[in-house]
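Please read the following walk-through alongside the sequence and the model.

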Amino acid sequence: MDKTEKKESRTIEQAFAELDILVHKLEDRETSLEESFHCYKQGMELLKHCSETLDTVEKKMLQMNEDGSLDEFSR
């Protein structure tokens with residue numbers, strides 16, 4: 001499985017769990033500068049994935065009107 005396939009199969013919950021691990025690594029004083037940069041890059045990729053996933057979900061949401069009919073969600 002390559003990085004693209006892994007990213008696409010990752011749930012948002014898994015991405016948040018991975019972000020939590022990365023944050024703990026970044027907060028650890030024992031983490032080297034090089035590893036910190038790697039963690040930061042991974043974190044940014046995970047944040048992009050989460051943002052794209054949330055945008056997709058928001059676009060799919062439906063809003064119920066007063067008469068009971070459904071329309072696409074709008075801000």
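In which helix does tyrosine 40 lie? Tyrosine 40 is in helix α3, residues 33-60; helices are DSSP runs (H or I, at least four residues), numbered from the N terminus. This is a predicted model, in which local features need pLDDT of at least 70 and side-chain atom pairs count only at pLDDT 80 or more, while totals for chains, interfaces and linings use all residues. Residues are numbered from 1 along each chain as its sequence is written, and side-chain values use heavy atoms, with hydrogens and water left out.

Tyrosine 40 has a relative accessible area of 51% and is therefore exposed (over 50%; buried means under 20%, partly exposed in between, with a 1.4 Å probe and protein chains only). Together with Met44 and Leu47, Tyr40 makes a nonpolar surface patch of about 320 Å². Such a patch joins nonpolar side chains (Val, Leu, Ile, Met, Phe, Trp, Tyr) within 5 Å, from residues with over 30% relative accessible area and no salt bridge, that is, no side-chain nitrogen of Lys or Arg within 4 Å of a carboxyl oxygen of Asp or Glu. Areas come from the Shrake-Rupley method.

Serine 36 also lies in helix α3, but serine 36 is buried, because its relative accessible area is 17%. Not counting residues up to four places away in sequence, serine 36 touches Leu26 and Thr31, contact being heavy atoms within 4.5 Å.

The largest nonpolar core (buried Ala, Val, Leu, Ile, Met, Phe, Trp, Tyr and Cys residues joined through side-chain atoms within 4.5 Å) has seven residues: Ile12, Ala15, Leu19, Leu22, Cys39, Leu46 and Cys50. Helices α2 (12-27) and α3 each give two or more residues to this core, and α2 supplies the largest share, four residues. Beyond its neighbours within four places in sequence, isoleucine 12 is in contact with Cys50, Thr53 and Leu54.

How values were computed
Patch = residues over 30% accessible without salt bridge, like charges linked within 9 Å, V, L, I, M, F, W, Y side chains within 5 Å. Areas by Shrake-Rupley, 256 points an atom, 1.4 Å probe, with all protein chains shown as cover.
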